[in-house]
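Colleague: Please take a close look at the metal site and the ligand beside it. Keep the criteria explicit.

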Amino acid sequence: MLKIHVLGAAAGGGFPQWNCNCLHCTAIRSGSPDYRARTQSSIVVSGNHTDWLLFNASPDILQQLRAFPALQPGRTLRDTAIRAIFLIDAQIDHTTGLYMLREHREPLQIWCHALVREDLTHGNPIFNLLRHYCGVQWHDVPLHGEGFAIPAVPGIGFDALPLISNAPPYSPHRDRPQPGDNVGVTLTDQQTGKKLFYAPGLGQMEPHVWAAMQAADCVLVDGTLWSDDEMIALGASRKTSRAMGHLPLSGPGGMLEWLEQLPRRTRKVLIHINNTNPILNERSPERQELTRRGIEVSYDGMEIEL
Ligand code: MLT
Ligand code: MN
Ligand code: ZN
């Protein structure tokens, strides 16, 4: 059975964010029972509940690993159940945790697109620095419908597809995203045929993305911001949600409209939630609207079994 464990459900910055005094960060800091803290965007998946694939390595990874003992099997003095790592993009919130894995006894087995590797070799040269520690063995991620396996994580088939989102601010592709800067992934349980579609950064709904969402039993998708101008209205940024590479939840063409068109049986879960998003308040009208629509908001420690 395909098992998904959410290590971190927040967007870059986490919740609460260290320097943020928005309504939500202030409320959780002062102990409001209406909120739950969340670390930065990462999940682990396994087909056999022994060998795990880490999706994204967040700056909060050490805290996340401590909170999920299944990743520490204790077979030898130095050990981990993380057999491979899949990076869906080269953003800070998805990659800087790699530094924290430098004590690994073998090169880290990293699967990512060639453009992500390029950013992690030049703009933010994590792969180069890690050569002085455990090293990295890079595996290319094919796009365009060629499925692939990750042998160290048996029982799961993978299909990656290009997404229009955005490259990191340090990347030469910032604001000119190229196919491969961001990917979405369909994971198929090879025993049951059940499918998860995972895309924490999804800026535009293209036909091939929509087809992958319709084919999935569960979608775990971008819930970063509620409204397109959320960060502008707060004075926190000059960029819209779409310009940052995240489809907003509300409004015309927003994620909620798309999710509404999926079959009732599809499990719909949001991830990569920004600290400004009103759905973090479990009593907010926005959160109640999600509940009415059958949409769940992921949280650290959430488990999904397909
Ligand atoms: C994003 O998803 O837009 C970025 O990860 C935000 C960040 O970490 O700075
Ligand atoms: Mn992010
Ligand atoms: Zn905040």
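Modeller: The manganese ion (ligand 2) has two protein donors, D93 (OD) and H272 (NE2), lying 2.1 to 2.2 Å from the ion. Donors here are N, O and S atoms within 2.8 Å of the metal (3.2 Å for Na, K and Ca); water is not among the atoms, so sites may look incomplete. The pair is 179 residues apart and links distant parts of the chain. D93 sits in helix 3 (residues 92-95), H272 in the loop between strand 11 (267-271) and helix 9 (285-292). Helices (H or I, at least four residues) and strands (E, at least two) are DSSP runs, numbered from the N terminus.

This is a predicted model: local features need pLDDT of at least 70, side-chain atom pairs pLDDT 80 or more, while totals for chains, interfaces and linings use all residues. Side-chain values use heavy atoms, without hydrogens and water; residues are numbered from 1 along each chain as written, and chains are lettered from A and ligands numbered from 1 in written order.

D93 is buried at 8% relative accessible area, and H272 is buried at 5%. Buried means under 20%, exposed over 50%, partly exposed in between (1.4 Å probe, protein chains only).

Now ligand 1. Around ligand 1 are G12, Q91, D93, H246 and H272, each with a heavy atom within 4 Å. Ligand 1 places an oxygen atom 2.8 Å from a side-chain N or O atom of D93. For H246 that distance is 2.9 Å, and for H272 it is 3.2 Å. The protein covers 69% of the 270 Å² of accessible area that ligand 1 has on its own, by the Shrake-Rupley method with a 1.4 Å probe.

How values were computed
Polar contact = N/O pair within 3.5 Å; in protein donor to acceptor, adjacent residues only side chain to side chain.
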